[in-house]
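User: Please walk me through this model, one short question at a time. I want the reasoning, then the answer.

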Amino acid sequence: MRLSTNLSLFPDTTRQLSASDIPINLSLGLRKLLQDRERMLSTLMSNLKGMVYCCLLDEHWSMVFVSDGCKRLTGYDANDLLFNRRVSYEELTLKDDRAWVRQKIESAAKLGEHFELEYRIVHADGEIRWVYESGEPLFNEKGELEALEGFIQDVTRRKQSEQLAYEAQERYRSIFENAIEGIYQTSPSGRYLNFNPALARIYGYESTNELMLSISDIQNQLYVDPRKRAEYIAMMRDHGQVHNFEAQVYRKNGDIIWITENAHEVRDKDGKLLFYEGTVEDISDRKNYEQQIQYQATHDNLTGLPNRTMLADRLQQCMSFADRYHHKLAVAFVDLDQFKLINDSMGHHVGDQLLVIMAERLSNCVRESDTVVRLGGDEFVLLLTSLHKVEDITQSMQRILAAIAAPCVIDGRDFIVSCSIGISLYPGDGSDSNALLKHADSAMYKAKQSGRNSFQFYTRELNRVLTERMEVEYRLRHAIENHEFLLHYQPKLDLLTNTLCGAEALIRWQPPGKSIISPLSFIPVAEETGQIEDIGRWVLINACRKAGEFKQLTGIAVPVAVNVSPRQFRQLDLVTTVEAALKDTGIDPDSLELEITESSLVHDTRNFIKTLRDLKALGVKLAIDDFGTGYSSMAYLKDFPVDRLKIDKVFVGSLETEPANIAILKAIIALGHSLGLKVIAEGVETVYQREFLTGIGCDELQGYLYSKPLPSEAFVQLLRDNI
């Protein structure tokens, strides 16, 4: 076999050209040049980091030439591979790679083409190494394929680096493709350069291609507020990044969602901005929850109106608006008049529905620029803005009164309530929110005292009166424990026998170092605040105690009458309280008379009658006080287990000037007698009144004509004088 010139240059791995190998007809200089060239090539191959080879295309890739780099590449000496003396190169090639390596090399060789490939071999130490082979086919003078020659080098380190890089790239790709958060790269001009499937899903697109084709202008196509993109760019310019950047964006279907972005600039080595890179997270659930919490914190759960928490902020905004445009602001404090009665008697279900209806009516009575706030219970506040004259407020209040008073149907029943409204004006009635609310509240109390279903404007005089009322309320709380109350007794006269037949215990308030305070000044306050319950118990026990003392001192059993307020009458423990007072003082039940006003009847007729019967069972006397001015239902009066009707002084006091009262007095007396009751007239101050009442059959009288209320000592003396 005759190999090509290239192969003939390397007959073995160590031998260099001798002088006898060089043709004799060459010049001495050329001979030397050839010898030096062969020496240079041998040195070069010895220093290469790889192996130069020439092999046959047999089944073992039999090597006919191997350079010194063989040892470093395979772990074997060159002579071990040469002519397969110890091991063949075929055996060194990893078994899994042998077939495809041979197929590729043989295919290239048959076509006379250069070949390059990378595959694995087994090193002499047993490790698997990656090699790179580059070679060409060799042909003889007949053009027949004889052998291969080429170069093989170890590329294990590079392949390992590539593998690590590939694995890292695959991990990144996996993270990129499977991340829950959206990942993106955008150009400074607002176009998407790259993004992952999660971003497409967040924005409602089925694929990344669909999002890429749909969004070409992030600022105007994605952000609900296009200015957010400018804000994003500005933050990038100033800080090189954005952190927790929140914005609202459109989804494909038009829905609006909340997102948060964390992103940074990416620049080249020269500092030129390439793109923005970051993440997107859908935070709609969190934002909706935050908004829900914020709404619940600032709005009433029942009516949906702004609540007390929001009131101060809204009021401050309205005041600033009024200052800016020189308008007036009205703060209207609204309180429903009959709500508690309905809520207590019909249940909270009805009460809640009523509040919802009233809230809606109030909202419908004001403009969009106005605000309706529910403070709690049955209290509302209206903030009316952009007012120019008082007449505007008056018309609004009249409209509200009419709307509230309209009947409303709940569970098939008609309910009618009214409201009392107090109004303060800004800036005239206060320069801050607390003052305005306080003054509106004061005016509302005045509206209630004036008969309800009305409105009142705040005035300084009103403030003075209400301040005094607050002072009374405060001092009243300590009156019992400080022993400031005392009882006076107003005698009653039997018109038939002209003798003293009883007395009414009337409370007086004597603060230390001050004049006696009339009940007219503090009883209404006690009723409103609930203190009347404690005061009523004090009156009851002390009146019973005094009744026992009167009998001990005079030997006469004189019935003492005690007023029971409507609020006190509704207490569940009234009967047991009276029973305990009788037991503790040891008086006969006949010595105690309870005067109950007709207004107690309006709350619950059935329980009213039951309570009367339970009291009557104790043996005490009962009287209907102020008869003729209250509920006065003839249908129920026959069922009342009472002993007396007490004619209100309003009918007696105007007897001389209003003849119409004569018929009323006659009717009441006739009614009482027909029911077997005694009738007593109070407020009798003239002889004419006494004679007239005696003439029409009145049984008893009480009034200044006979005696004013007396301290207990004076009353005892009066008793003794009448023995």
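Analyst: Helices and strands here are DSSP runs, helices of at least four residues and strands of at least two, numbered from the N terminus. The model is a predicted one.

User: Where is H326 found?
Analyst: Phi of H326 is positive, near 60 degrees, and the residue is not glycine. Its relative accessibility is 72%, so H326 counts as exposed. H326 sits in the loop between α13 (308–325) and β11 (328–336).

User: Is N453 buried or partly exposed?
Analyst: N453 is another non-glycine residue with positive phi, near 50 degrees. It lies in the loop between α17 and β17 (454–457). With 39% relative accessibility, N453 counts as partly exposed.

User: Which residues does a cis peptide bond join?
Analyst: Consider the loop between β16 (419–426) and α17 (433–449), where P427 has its place. Omega is about 15 degrees at the cis bond. The bond joins Y426 and P427.

User: What is the volume of the second largest cavity?
Analyst: Searching the whole structure gives seven cavities of 30 Å³ or more. The second largest has a volume of about 90 Å³.

User: Which residues are the closest to the centre of that second largest cavity?
Analyst: The lining of the second largest cavity holds 14 residues. They divide into ten nonpolar, one polar and three charged. The closest to the centre are W61, Y89, I105, Y119 and E133.

User: Which element gives the most to the lining of the second largest cavity?
Analyst: The elements that give two or more residues to this lining are β1 (51–56), α5 (89–92), α6 (95–110) and β5 (145–154). The one that gives the most, with three residues, is α6.

User: How many residues apart in sequence are the parts that K287 and E246 tie together?
Analyst: The side chains of K287 and E246 form a salt bridge, 3.0 Å from N to O. K287 belongs to helix α12 (residues 284–298) and E246 to strand β8 (residues 241–250). The pair therefore ties together parts whose separation in sequence is 41 residues.

User: Is K287 buried or exposed?
Analyst: Buried means under 20% relative accessible area. E246, its partner, is partly exposed at 25%. K287 has 12% relative accessibility, so it counts as buried.

User: What separates K287 and E290 within α12?
Analyst: K287 also forms a salt bridge with E290, with the closest N and O atoms 3.9 Å apart. E290 is partly exposed, at 36% relative accessible area. The two are three residues apart in helix α12, so the separation is about one helical turn.

User: Which residue forms a salt bridge with R477?
Analyst: R477 is partly exposed, with a relative accessible area of 46%. Its partner is buried, at 13%. The closest N and O atoms are 2.9 Å apart, and the partner is E473.

User: Which residues are linked in a network of salt bridges?
Analyst: The whole structure has 40 salt bridges. The network links K492, E504, E593, E595, R644, K646, E682 and E700.

User: How far apart are the end C-alpha atoms of α22?
Analyst: Helix α22 (residues 574–585) has twelve residues. At 1.5 Å a residue, the helix should span 16 Å. The end C-alpha atoms agree with this, at 17 Å.

User: What arc do the buried residues of α22 cover?
Analyst: L574, V575, T577, V578, A581 and L582 are buried in α22. They lie on the same side of the helix because their arc around the axis is only 165 degrees. The face turned away from that buried side carries the exposed K583 and D584. The arc asked for is 165 degrees.

User: Which exposed residues does α23 carry on the face turned away from its buried side?
Analyst: In α23, T605, F608, I609, T611, L612 and L615 are buried. Down the axis, they fall within an arc of 160 degrees, so they line one face of the helix. The face turned away carries R606 and A617.

User: Which residue with positive phi follows α23?
Analyst: Helix α23 (residues 605–617) reaches 18 Å from its first C-alpha to its last. Phi of the residue that follows is near 100 degrees. That residue is G619.

User: How far apart in space are R690 and G703?
Analyst: R690 lies in helix α27 (residues 687–695). In sequence, R690 and G703 are 13 residues apart. In space, C-alpha to C-alpha, they are 9.9 Å apart.

Methods
Residues are numbered from 1 along each chain as its sequence is written. This is a predicted model: local features need pLDDT of at least 70, side-chain atom pairs count only at pLDDT 80 or more; totals for chains, interfaces and linings use all residues. Side-chain values use heavy atoms; hydrogens and water are left out. On a 1 Å grid over the protein atoms alone, a cavity is a set of points where a 1.4 Å probe fits but cannot get out, and a pocket is an open set with protein on both sides within 12 Å along at least five of seven lines; lining residues have an atom within 4 Å of a point. Grid points are joined across faces, edges and corners, and a volume is the space filled by probe spheres set on the points. Ala, Val, Leu, Ile, Met, Phe, Trp, Tyr, Cys and Pro count as nonpolar, Asp, Glu, Lys and Arg as charged, and the others, Gly among them, as polar. A salt bridge is a side-chain nitrogen of Lys or Arg within 4 Å of a carboxyl oxygen of Asp or Glu. Buried means under 20% relative accessible area, exposed over 50%, partly exposed in between (1.4 Å probe, protein chains only). The expected span of a helix is 1.5 Å times one less than its number of residues. The arc is that of the directions from the helix axis to the C-beta atoms.
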